[in-house]
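Work through these exercises with the model open beside you. Try each task before reading its solution.

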Protein chains: 2
Amino acid sequence: MVNGASTRVRRSREKILAAAEQVFLHAGFLGANMDSIAEKAAVSKQTVYAHFQSKEVLFLEVIEAMTGGAARTIGENVEDRLDDRPVRDYLTAVAIDQLSVVMTPRLMQLRRMVIGETGRFPELGRSLYENGPLVSIRRVARALAHYMALGQIRDCDPFGAATQFNWMVMGAPTNAAMLLGDSAIPSRSELHAHAHEAVRIFLSAYAMPADAGAGPVVPPAAT
Amino acid sequence: MVNGASTRVRRSREKILAAAEQVFLHAGFLGANMDSIAEKAAVSKQTVYAHFQSKEVLFLEVIEAMTGGAARTIGENVEDRLDDRPVRDYLTAVAIDQLSVVMTPRLMQLRRMVIGETGRFPELGRSLYENGPLVSIRRVARALAHYMALGQIRDCDPFGAATQFNWMVMGAPTNAAMLLGDSAIPSRSELHAHAHEAVRIFLSAYAMPADAGAGPVVPPAAT
DNA sequence: TATTAACTAGACTGGACAGTCCAGTTTGAT
DNA sequence: ATCAAACTGGACTGTCCAGTCTAGTTAATA
C-alpha cells in the first residue's frame, strides 16, 4: 500500500514541523539551529534534510502554516448571520472573537518573529497582514455595508470605517504585547471590557443618530 | 588639554555608533557583524572593542540612544499650552505631531528590530514602550484631565481615554508599517486625514454632549 | 520472507564570525 | 621635541553551525 509509507513519512514531517515551530518561535531564524530542531523532533538531522531542502525552506513552511492556520481559525467562531441582530451585538461578537483568537502567546510570538524578519523575508509580513488584519477588515466592511443599507450605520466608506474599527479593537493590545511580551496579553475580562469600549466609541461616531445611543461613558463592568 | 584627546575619542565613538546603528537596523543583532561595523565606521576593529566591550554592549547602547532620542523629539514640537485652545485643535496637533515623528523609516525599523529581539532583550521592548507610547499617553491624559475640568470632555478615566486615543491614532499606521514595510508609511496628507478622522471619532465619544459636534462623517478633505 | 524506501548515528567539511594579540603608527598635550 | 594614549591592520583562536557523507538499521509492502 502506498499509504503505509506515506503515513510514516507524514509522521516524521509533522514531528519536524512541530519541533521547528517551537525552536523558530523561541530563537528566531538566525538563532535557531538545525541540530536542536532534529533533536526536539526526535529525528535524525538527515531526515530533516530529506523532508526540507534547507533551513530557509523549513522556516518558510513553518511560518506559512501558522499564518494560514490562524486565518482559518478566525471566522469559524462567528458565523456572519448579520440580518437578525443589532449592529452593536454583531460588532461586539466580532471584536471578542478576534481578540480571543489573536491574543495568544503563540500568535503574538509569531507576529514578533515575522516583524523581526521583515528585512530577510518581506513576503511573510505581507502574508500575515493579508491573512490576518485584512481578512478581518474585509469581513467587518461587508457587515457595515449591510447595516448601512438597513439604516443603522451612517453613510460612509465601509472599508475605511472597518479599518478604524479593527485598529480600535486590536491596536492597543497587540502593540502592548509586541513590546512588553506575553505578560501584557489581556485577560478574558480585560479583553471583554476593551471590546465593549471599542464598540461603544465606534458606534458613537458611526451609528445613525436615531440609533446612536453612545451608552454610558464607563463601559459595562466586565470583571 | 584633556579635551583634545577626549575629542578624538568622541569622534571615534560617534563614528562607531553611527555605523553600528546602520548595520544593526539593517541586519538585526545576530545578522550584524562587527567587521562590517568597523569597516563602515572607517575604524579598526580593535578601536571598536576599545570603546565597547562586546557586540551586545554596543547593540544595547545603539538602541537605547535611539529610543531616548526619539522620546526627546516627541513633545518638543507641541508645547502643552492647553488653556487657550479648543480640545479638537489640541488633539489634532498632538496626533499629527506624533505621527510625523514616529512614522519614519528609521524609527519603524527600530521598532521592528526591538520587537524581533524581544526574546533576547526584553528590556529594550519595555524601554521603547515607556519612552514612546506611554509618554504620549500620559501627556494626553494630563490634557484630557484639564479639558475635563473645563467641562469640554465627559467625565471619564483620563488615562484610559488617552490610551484609546493613542491607539486610534497610531494603531493602523504602525501595524501596517510593521508588517508591510516602509512602503506602508503614510504620506503627509494621508497622515493628516487620518489624524483628523481619529480626533473626530474620539470626540464624538468623549466630548461633552453640548460640545459634541461629531462633525461630518466624512472628515475635512486633507488632501 | 524478500525488497526497498525511510530512517539513524555520528563523523566531517567549509565558512562565518566574536573576540584577542601584536607590532607598528598617528595624534594631541606639554 | 617628547611622550603617552589612541589608533591601525591584519593575523590568529576558538566556536558555532548549515549542510553532506557513510555505513548500517528499521519497517511497510508484496
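**Exercise 1. Find the operation that lays chain B on chain A.**

Step 1. Superpose the copies by least squares on the C-alpha atoms of residues with pLDDT of at least 70 in both; pLDDT is the predictor's confidence in each residue, from 0 to 100.
Step 2. Read off the operation: a turn of 180° with a shift of 0.0 Å along the axis, at an RMSD of 0.1 Å.
Step 3. The two copies are therefore related as by a two-fold rotation axis.
Step 4. Locate the axis in chain B: the C-alpha of G116(B) is nearest, 1.9 Å away.
Step 5. Compare the surfaces: 100% of the contact residues of chain B recur in chain A, so the same surface serves both copies.

This is a predicted model, in which local features need pLDDT of at least 70 and side-chain atom pairs count only at pLDDT 80 or more, while totals for chains, interfaces and linings use all residues. Residues are numbered from 1 along each chain as its sequence is written, and chains are lettered from A and ligands numbered from 1 in the order in which they are written.

**Exercise 2. Describe the side of chain B that touches chain A.**

Step 1. Count contacts (C-beta atoms, placed from the backbone, within 7 Å). Chain B gives 39 residues and chain A gives 40.
Step 2. List the elements of chain B that give two or more residues: α1 (2-31), α6 (105-116), α7 (122-131), α9 (158-180) and α10 (188-206). Helices here are DSSP runs of H or I, at least four residues, numbered from the N terminus.
Step 3. Pick the main contributor: α9(B) gives the most, with 11 residues.
Step 4. Sort by class: 19 nonpolar, 14 polar and 6 charged residues. Nonpolar means Ala, Val, Leu, Ile, Met, Phe, Trp, Tyr, Cys and Pro; charged means Asp, Glu, Lys and Arg; the others, Gly among them, are polar.

**Exercise 3. How do domain 1 and domain 2 of chain A touch?**

Step 1. Take the bounds from the automatic or database domain assignment: domain 1 (1-53) and domain 2 (60-212).
Step 2. Their C-alpha centres lie 32 Å apart.
Step 3. In contact are 8 residues of domain 1 and 10 residues of domain 2.
Step 4. The domain 1 side has 6 nonpolar, 1 polar and 1 charged residues.

**Exercise 4. Where is pLDDT below 50 in chain A?**

Step 1. Start with the whole chain: mean pLDDT is 90, and 87% of residues reach 70 or more.
Step 2. Residues 1-5 stay under 50, with 0 contacts beyond four places in sequence.
Step 3. Residues 211-223 are also below 50; this stretch has 21 contacts beyond near neighbours in sequence.
Step 4. Where pLDDT is low, predicted coordinates should not be read in detail.

Conventions:
Two residues are in contact if their C-beta atoms, placed from the backbone, lie within 7 Å.
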